[in-house]
Amino acid sequence: KPGEQKRSKEPSSLQCMHLAVVACGDRLEETLIMLKSAVLFSNRRLCFHIFAEDSLKPEFEKKLKEWPPSYTKKFQYNIYPITFSVGNAQEWKKLFKPCAAQRLFLPVILKDVDSLLYVDTDVLFLRPIEDIWHILKEFNSTQLAAMAPEHEIPKIGWYSRFARHPYYGTTGVNSGVMLMNLTRIRSTQFKNSMIPSGLTWEEMLYPLYQKYKNYITWGDQDLLNIIFYFNPECLYVFPCQWNYRPDHCMYGSNCKGAEEEGVSILHGNRGVYHDDKQPTFKALYEVIRDFPFGDNLFQSLYYPLQSKFLDTVHTLCGRIPQVFLKQIEKTMKKVYENRVIVYLGANHRY
């Protein structure tokens with residue numbers, strides 16, 4: 001078939017879904033659980049780009065080697081040191097959380113990668129990565145990145161109430177889940193508030209930081225908001241179920257997409273996987289963390305999750321368990337259907 005022929009001619013970098021994460025300090029476990037959620041539910045090959053402090057590199061290698069071959073064959077990975085190509089490395093390191101600014105340099109460092117999904121360490125995939133990867137195909141000719149709004153309601157949003165710098169749209173955008181067409185980012189001249197003509201991504205980063213450093217609170221996310229304020233045509237905004245945070249349920253449910261379709265990507269910011277402020281988020285994290293590779297997904301993941309959720313119904317986010325369970329249930333059914341079809345196909349000799 002023509003389609004199949006075309007696929008086989010694609011360079012291997014395009015056959016892989018590229019996922020980048022930056023891990024420093026005590027984020028080793030969180031990062032591994034995020035990678036585990038990606039591998040559990042995705043069917044296509046994954047390429048992980050892990051940017052980590054030197055002390056974490058052997059730990060990552062040791063832990064990833066412990067995963068069973070049936071899972072490790074689904075991905076390849078590279079571990080990179082933390083590096084900043086322009087400006088003062090110490091300043092970049094101190095911006096917001098340690099090393100978080102590394103994500104701003106991905107287009108410069110990963111020169112051979114065409115497109116990439118960047119996620120924070122505190123993200124969990126509740127459905128296959130290929131589902132968000134498809135959004136790249138929805139970009140128009142000027143769009144080169146995609147993020148979700150920082151908030152759904154301007155009157156309770158951070159940027160609309162407190163920001164002292166320009167930001168995208170009416171509520172700003174959250175950079176914890178960010179799709180990037182790196183090829184386009186590298187070849188674009190960006191409008192900016194410093195010089196009348198355009199600047200490349202790399203030329204713009206340090207002067208932009210110097211100009212706004214006394215006004216930004218959320219570090220690199222603020223810089224991205226400033227960039228897309230001046231270049232709104234470059235951004236695709238995807239709905240909140242692709243970056244679902246405690247803010248979406250702790251002030252009453254305000255993510256319509258999640259109510260209709262379920263949460264696709266969970267983002268446990270504010271440390272909610274590790275304290276008792278949002279037990280629903282913590283329950284999902286712990287169940288994926290404790291899931292033994294190779295076990296039955298329904299028995300060892302879905303049912304424990306349901307019973308943990310029963311203990312959270314008195315909380316603001318726990319009142320809407322179906323929002324958290326809908327996609328994960330759908331995804332597990334698909335995983336089983338695929339396995340059964342493959343198994344039947346392999347054994348069908350007549």
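Across which strands does helix α12 lie, and at what angle does helix α12 run to β7? In the predicted model, helix α12, formed by residues 220-230, lies across β6 (145-149), β7 (173-181) and β8. Its direction is at about 65 degrees to that of β7.

These three strands belong to an open sheet of seven strands, arranged in the order β3-β2-β1-β4-β7-β6-β8. Pairing within the sheet is mixed. The edges are formed by β3 (75-80) and β8 (235-237), each of which pairs on one side only. On average, and with direction ignored, neighbouring strands of the sheet are turned by 25 degrees against each other.

At the β3 edge, the pairing with β2 (residues 46-52) is parallel and comprises six bridges. Within this pairing, Cys 47 has Gln 76 of β3 as its bridge partner. Helix α4, spanning residues 57-66, packs on the sheet and touches β1 (17-23), β2 and β3. The direction of α4 makes about 165 degrees with that of β3.

The protein chain is divided into two parts, with domain 1 covering 17-238 and domain 2 covering 241-345. Their centres, taken over C-alpha atoms, are separated by 23 Å. To the contact between them, domain 1 contributes 33 residues and domain 2 contributes 35 residues.

The size of an interface is often expressed as the accessible area lost when the parts come together. For domain 1 and domain 2, the area buried between them is about 3100 Å², of which 63% falls on carbon and sulfur atoms. On the side of domain 1, Leu 124, Leu 126 and Arg 127 account for 24% of the area buried against domain 2, more than any other three residues.

Polar and charged interactions were also computed for this interface. Two salt bridges are found across the interface of domain 1 and domain 2. Arg 127, which is among the three residues named for buried area, also forms a salt bridge with Glu 261 through their side chains, with an N to O distance of 4.0 Å. In addition, 17 residue pairs are in polar contact across the interface, with both residues at pLDDT 80 or more.

Several elements of secondary structure build the side of domain 1 that touches domain 2. At least two residues each are supplied by α3 (28-41), β5 (123-125), α8 (129-133), β6 and β7. The largest share, seven residues, comes from α3. Strands β6 and β7 thus appear in both settings: helix α12 lies across them, and each supplies residues to the side of domain 1 touching domain 2.

Technical notes. Residues numbered from 1 in each chain as written. Predicted model: local features only at pLDDT ≥ 70, side-chain atom pairs only at ≥ 80, totals over all residues. Heavy atoms only, no water. Pairing = 2+ DSSP bridges. Helix = DSSP H or I, 4+ residues; strand = E, 2+ residues; numbered from the N terminus. Axes fitted to C-alpha atoms, helices over the stretch in contact; angles between N-to-C directions. Contact = heavy atoms within 4.5 Å. Domains from an automatic or database assignment. Buried area = accessible area lost by both parts, 1.4 Å probe. Polar contact = N/O pair within 3.5 Å; in protein donor to acceptor, adjacent residues only side chain to side chain.
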